[in-house]
Amino acid sequence: MKPQPLTSRATWSNLSAHASQIRSEHLRTLFESDHGRAKTFSLKACDLFFDYSKNRINSQTLDLLLELAEDVGLSQRRDAMFAGEKINQTENRAVLHIALRAPESAEILVDGENVIPDVHRVLRKMEKFCDQIKSGTWKGYTGKPIRNIVNIGIGGSDLGPVMAYEALRHYTDRERVFRFVSNVDGTDFVEATRDLDPAETLFIVASKTFTTQETMTNALSARSWLMAVAQDEAAVAKHFVAVSTNAEKVAEFGINTENMFEFWDWVGGRYSMTSAIGLSNLLALGKENFRGMLAGFHLMDEHFRTAPLRENLPVLHGLLNVWYANFFGASTIAVLPYDQYLKRFPAYLQQLTMESNGKCVTLGGAQVDYQTGGIYWGEPGTNGQHSFYQLIHQGTHVIPCDFIAFAKSLNELSDHHDKLTANVFAQTEALAFGKTEQEVSAEGTRSDLVPHRVFPGNRPSNTILCEQLTPQVLGSLIALYEHSVFVQGAIYDINPFDQWGVELGKVLANRILPELVSENLPTLQHDSSTNQLIRMYRACRGRSV
């Protein structure tokens with residue numbers, strides 16, 4: 001039986017009718033009429049305090065959103081994921097990133113086999129390798145220990161590791177240099193390696209298939225960079241390890257397959273940072289801190305799995321995204337971390353959220369008639385205030401905001417952190433309540449300037465407040481967004497775990513590449529714009545046109 005279309009469900013219609021009523025209500029009124037509102041609409045879980053009281057909702061809104069979640073079977077879909085069922089239907093795969101951070105005593109079955117022993121076998125192998133690097137027993141081709149680690153990957157094989165490295169840099173090994181290369185643009189590789197000694201450099205090549213074009217192009221350049229000084233093929237095995245499942249391709253490259261760290265087809269790229277893809281993070285953070293991050297992920301996994309929907313942080317977060325996207329016309333979400341260490345967090349979330357829920361057909365293949373994935377963006381701290389906050393405060397778009405803040409800084413310096421935190425709280429207050437024409441006039445503002453200084457307010461935001469940024473807190477924070485993405489996908493009846501939308505461009509690029517580099521111009525059969533661009537490129541490169 002086909003599932004009932006989302007917009008024809010009574011629970012959806014009820015929300016639509018309710019939205020038309022509450023849309024005219026201002027957050028000022030909602031707070032004035034309920035002095036306990038902040039307590040009602042806040043929740044603490046997994047070291048995160050989540051204040052969602054500054055959203056354009058009331059208790060009825062929450063009831064209706066939760067009724068929608070029950071109606072579409074959110075709990076059943078969640079349980080199916082944790083049970084190892086193949087909920088990635090278009091690829092016939094289980095979705096078990098949650099197994100990557102489960103304790104060794106857990107049991108999670110895929111096709112009747114418990115995957116947890118394999119997860120911990122690989123983790124122990126990673127930790128043994130980490131010990132070899134740190135102790136200096138792993139040496140390069142000249143006998144020097146490894147001082148530089150360069151992770152080569154793209155997408156989930158890069159964004160997760162580089163974000164976690166930057167986020168937890170305070171805890172990292174400062175005796176070693178860590179770099180990340182992802183872009184096929186040669187500049188990325190050249191700048192990452194310009195000041196490194198090949199004899200002291202280890203490359204981690206992260207590609208499940210070991211065929212990803214960008215990753216393998218950079219890996220081959222890294223190989224050539226090493227060979228230019230080593231001039232011995234045997235050196236490759238001392239300076240390269242692989243995170244992959246393709247032993248044949250890894251061996252062809254020259255990497256000893258004993259130094260291949262595997263993961264599984266039930267790990268999606270953008271959900272893979274707690275797998276062997278996180279090897280660079282383990283090397284940077286050390287075993288204790290890396291396992292602390294895994295513990296934070298697991299805390300949120302268990303909270304999501306067991307907490308009632310009304311008290312479930314990822315559920316509430318995901319439902320609010322559905323609420324604004326479909327009933328307030330909000331197409332973007334700003335993520336605003338007030339900690340410089342989280343400067344790459346919005347970029348990480350862009351892939352997690354938009355590659356997951358950027359879909360226009362349901363699981364059954366029907367076209368959707370509602371909004372699915374939102375556009376995520378943001379900047380850290382007060383940088384954004386001097387950039388795009390103008391539009392959020394006084395622009396014409398509704399832009400829900402997630403503010404992320406910490407009560408304690410990892411780098412206490414004078415009164416910096418107090419000023420930083422004052423800005424967090426001030427921004428959420430200003431967005432919610434604004435400043436009326438009467439208040440502006442009462443300040444003695446010239447009448448012709450009054451309209452320009454009015455802040456309409458009623459701009460929604462969440463505040464996530466934590467005590468301090470630790471590996472465990474980062475794990476919980478990332479898992480919150482992972483499961484929020486799942487919640488939204490369940491509501492929308494889409495598959496958050498495939499990414500067919502990235503394929504067409506790759507196919508066409510492989511078709512165009514020989515047309516750019518061939519000695520003679522082949523017959524071009526693209527549209528007139530693409531044909532013109534190919535000819536211009538060839539001319540600039542001195543090739544026949």
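1. Contact here means that heavy atoms lie within 4.5 Å of each other, and this meaning is needed to say what covers a helix. The model under discussion is a predicted one. In helix α5, which spans residues 74-82, the residues Leu74, Ser75, Arg78, Ala80, Met81 and Phe82 are buried. The elements that cover these buried residues of α5 include α4 (59-71), α13 (287-306), α14 (313-327) and α21. Just after α5 comes Gly84, whose phi angle is positive, at about 85 degrees.

2. Which residues have the most contacts inside the largest nonpolar core? That core has 125 residues, and the ones with the most contacts within it are Trp266, Trp323, Phe345, Leu474 and Tyr481. Helix α21 gives the most to this core, contributing 13 residues. There is also a second, separate core of 24 residues, and Val150, Trp225, Ala230 and Ala242 are among its members.

3. Trp323, already named as one of the residues with the most contacts in the largest core, deserves a closer look. If its neighbours within four places in sequence are left aside, Trp323 is in contact with Leu15, His18, Ala19, Ile22, Arg56, Ile57, Thr61, Leu65 and Phe328.

4. Is His239 buried or exposed? Its relative accessibility is 0%, and because buried means under 20% relative accessible area, His239 counts as buried. This residue is found in helix α10, which covers residues 236-239. Its side chain reaches the backbone nitrogen of Tyr141 at 2.9 Å, while a polar atom of the same His239 side chain lies 2.7 Å from the backbone oxygen of Thr201. Apart from neighbours within four places in sequence, the residues in contact with His239 are Gly140, Tyr141, Ile146, Pro198, Ala199, Glu200, Thr201, Leu202, Phe203 and Leu226, so that both of the polar partners, Tyr141 and Thr201, appear in this list.

5. How are strands β5 and β6 arranged? Strand β5 (residues 148-152) and strand β6 run parallel and are joined by five bridges. One residue pair that can be looked up in the structure is Ile149 with Phe178, the latter being its bridge partner in β6. Together with helix α7 (residues 156-167), the strands β5 and β6 make a β-α-β unit that is right-handed.

6. How many salt bridges does a search of the whole structure find? The search finds 29, and a few of them are taken up here and in the next two points. In the bridge between Asp195 and Arg179, the closest N and O atoms are 3.0 Å apart. Asp195 lies in the loop between α8 (186-193) and β7 (201-206), whereas Arg179 is in strand β6 (residues 177-181), so the pair ties together parts that are 16 residues apart in sequence. Asp195 counts as exposed, at 55% relative accessibility, and Arg179 counts as partly exposed, at 23%.

7. Another salt bridge is formed by the side chains of Asp498 and Lys359, at 2.8 Å from N to O. Why can this pair be said to tie together parts that are 139 residues apart in sequence? The reason is that Asp498 lies in the loop between α21 (471-492) and α22 (503-517), while Lys359 lies in the loop between α15 (345-357) and β11 (375-377). Asp498 counts as buried because its relative accessibility is 4%, and Lys359 likewise counts as buried, at 16%.

8. The side chains of Glu467 and Lys408 also meet in a salt bridge, with 2.9 Å from N to O. Glu467 is in the loop between β13 (461-466) and α21, and Lys408 is in the loop between β12 (401-406) and α18 (416-433), so this pair ties together parts that are 59 residues apart in sequence. Lys408 is partly exposed, with a relative accessible area of 41%. Elsewhere, Arg101, Asp301 and Glu482 are joined into one network by salt bridges that share partners.

9. A last point concerns Ile375, whose place is in strand β11. Ile375 is partly exposed, with a relative accessible area of 44%. Not counting residues up to four places away in sequence, Ile375 touches Ser331, Thr332, Ile333 and Met354. Leu431 is 56 residues away from Ile375 along the chain, and the C-alpha atoms of these two residues are separated by 20 Å.

Definitions and conventions. Residues numbered from 1 in each chain as written. Predicted model: local features only at pLDDT ≥ 70, side-chain atom pairs only at ≥ 80, totals over all residues. Heavy atoms only, no water. Helix = DSSP H or I, 4+ residues; strand = E, 2+ residues; numbered from the N terminus. Buried < 20%, exposed > 50% of the residue type's maximum accessible area, 1.4 Å probe, protein only. Polar contact = N/O pair within 3.5 Å; in protein donor to acceptor, adjacent residues only side chain to side chain. Salt bridge = Lys/Arg side-chain N within 4 Å of Asp/Glu carboxyl O. Core = buried A, V, L, I, M, F, W, Y, C linked by side-chain atoms within 4.5 Å. Pairing = 2+ DSSP bridges. Right-handed = clockwise from strand over helix to strand, strands pointing away.
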